[in-house]
Amino acid sequence: MTTVHALATALADAFLAGDGWRRADLVDRGGLVLGIRRRWLWPVTDATLVAYPHPPRDRPRELAAFIATLDPLRAAVAAARQHDRPIVIRSRPVTPTRTVRRPWHTPVVDDVGALAAMLDLSVAHLDWYADRRAMNRRATDQQLHHYRYRWAGRGRLIEAPKTRLRALQRRLLAEVLSRIPVHPAAHGFVPGRSAHTFATAHAAQPVVVRVDLLAFFTHVPAARVHGLFRAAGYPEPVAHTLTGLCTTRTPHPVLRRAPHDLPHRAARLAALRTGHLPQGAPTSPALANLCSYRLDRRLTGLADAYGVTYTRYADDLAFSGDLTARRTRDLITAVTDVARDEDYRSHPDKTRVRGQADRQLLAGLVVNQRPAAPREEYDRLRAILHNAARTGLDAQNRTGHPAFAEHLAGRVAWIGQHHPARAAKLATLLAEALARP
């Protein structure tokens, strides 16, 4: 027996299959699908035209869901069941979707076939990597999984995509996600912004408040990622497939290996069971920023109301300004409420309030005067470089870093930024260490 959902889906596809969008056009196409123009087609068509004056060519699922709510169609299905006279769907037209708007300069992808062509895949392979049938989650053979899983320190689950999927995600990052603007308050994983730009906004402030979000990537659900791709103008099937390429649902055997002392264990495992951003995928940082746009906008408005400054670096939320103790408590409560309303959870154990008499630390930088690495970090690197100049780099590479010289150069750049005296001293020591045979 044909269900309401199946009948509504067939009619939605039929209505969108042609060019005309008038009553006679829709009735004719509906009649072809059913093999006969049933009387209830006219009121269904009329209601559709009232709700959709123009064909929603990028939203076939939405149209089907609307048609499924119409009383004439539901009454027809109920009567068919009562009298044991099934409504037969004679044909199922293939409905090409279409991009109807592009708010940003993202590539035009009208349908799943075009997406497969853009990624140099067959539609079957695209469907496999997007895992739209949830086979990756149910598979017992690890070779069939698209991700490698590892529980790391502090209870983090690293979900690293395998080579081919990672390459596809990098293409999406470069060709699609990089063209969508992020909120000005976001500084992590944004070209031209960094931990230093994040911290600079809070330098030399009377009070600095830091709020940490729990399991940031995990709490960005697939539904929100789908909403982002729809906001970018992609038709529903394309947005659904893109979401599948960038999100995952953690397999049960991996969840069973979760540490027993995992903080907020029940909530975090529940989030991992559903579609979420995997920590380890190249697309996840950009998607987390883009999907947090509304969070950033609301927190920016909240900061303005309190007369303070707000920036975010991944899961670190920072506020600074002239705050009394009471207003600080009120601000933290309001931030927690906004985060919860946006489906994030704050980590109360990691909330920090620091005045000028304390060391104000953000993203590893002390901001009491200007952003700078802590003195002990500078001293530790200076000692390593000093010893390397005497004994060689290999003798100081106690952790077996595969590119130790490049690692040290990166640390010099990090610690020396905004601090010319430190930068000059460390650069001299690094040059001496590199010059040693």
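**Salt bridges**

I began with the charged side chains and found Arg-224, Arg-294, Arg-298, Asp-341, Glu-342 and Asp-343 linked in a network of salt bridges. For a salt bridge I required a side-chain nitrogen of Lys or Arg within 4 Å of a carboxyl oxygen of Asp or Glu. The model is predicted, so I note that local features need pLDDT of at least 70 and side-chain atom pairs count only at pLDDT 80 or more, while totals for chains, interfaces and linings use all residues. Residues are numbered from 1 along each chain as its sequence is written, and side-chain values use heavy atoms, with hydrogens and water left out.

I searched the whole structure and got 21 salt bridges. Arg-59 takes part in a salt bridge with Asp-58, with the closest N and O atoms 3.1 Å apart. Arg-59 also meets Glu-62 in a salt bridge, at 3.2 Å from N to O. I then looked up how open these residues are, taking buried as under 20% relative accessible area, exposed as over 50% and partly exposed as in between (1.4 Å probe, protein chains only). Asp-58 is buried at 2%, Arg-59 is partly exposed at 24%, and Glu-62 is partly exposed at 31%.

I also checked Asp-25, which forms a salt bridge with Arg-22; the closest N and O atoms are 3.2 Å apart. Asp-25 counts as buried, with 17% relative accessibility, whereas Arg-22 is exposed at 59%.

**Helix H11**

Next I went to helix H11, residues 222-231, where Ala-222, Arg-224, Val-225, Leu-228, Phe-229 and Arg-230 are buried. Helices here are DSSP runs of H or I with at least four residues, strands are runs of E with at least two, and both are numbered from the N terminus. Arg-224 thus appears both among the buried residues of H11 and in the salt-bridge network. The buried residues of H11 pack against helix H12 (236-246), helix H15 (284-291) and helix H16 (293-306). After H11 comes Gly-233, with a positive phi near 100°.

**Nonpolar cores**

I looked for nonpolar cores, meaning sets of buried Ala, Val, Leu, Ile, Met, Phe, Trp, Tyr and Cys residues joined through side-chain atoms within 4.5 Å. The largest has 67 residues, and those with the most contacts inside it are Leu-119, Phe-229, Tyr-234, Leu-245, Leu-299 and Phe-319. Helix H17 (residues 325-341) gives the most to this core, with six residues. Another core, of 29 residues, lies apart from it and includes Phe-15, Leu-16, Ile-67 and Val-77.

I listed the contacts of Leu-245 (heavy atoms within 4.5 Å). Leaving out residues up to four places away in sequence, Leu-245 touches Leu-119, Leu-126, Tyr-129, Ala-130, Tyr-147, Leu-165, Gln-169 and Leu-172.

**Aromatic pairs**

I paired rings of Phe, Tyr and Trp (its six-membered ring) with centres within 6.5 Å; planes under 30 degrees apart count as stacked, over 60 as edge-to-face and the rest as tilted. By this rule I count seven aromatic pairs. One of them is Tyr-147 with Tyr-149: the ring centres are 6.4 Å apart and the planes stand at 40°, so I entered the pair as tilted. Tyr-147 is buried at 3% relative accessible area, and Tyr-149 counts as buried at 16%. I also noted one aromatic cluster, formed by Phe-189, Phe-198 and Tyr-313.

**Surface patch**

On the surface I found a nonpolar patch of Trp-128, Met-135 and Leu-144, with about 260 Å² of accessible area together. Patches are made of residues with over 30% relative accessible area and no salt bridge, like charges being joined within 9 Å and nonpolar side chains (Val, Leu, Ile, Met, Phe, Trp, Tyr) within 5 Å. The areas come from the Shrake-Rupley method with a 1.4 Å probe, and for residues only the protein chains shown count as cover. Trp-128 sits in helix H7, residues 123-130, and is partly exposed at 31%.

**Two single residues**

I placed Gln-396 in helix H19, residues 393-396. Gln-396 counts as buried, at 8% relative accessibility. Not counting residues up to four places away in sequence, Gln-396 touches Ile-384, Asn-387, Ala-388, Thr-391 and Phe-404.

I found Ala-357 in the loop between strand E6 (352-355) and strand E7 (361-362). Ala-357 counts as exposed, at 80% relative accessibility. Its C-alpha atom is separated by 15 Å from that of Ala-325, and the two residues are 32 residues apart along the chain.
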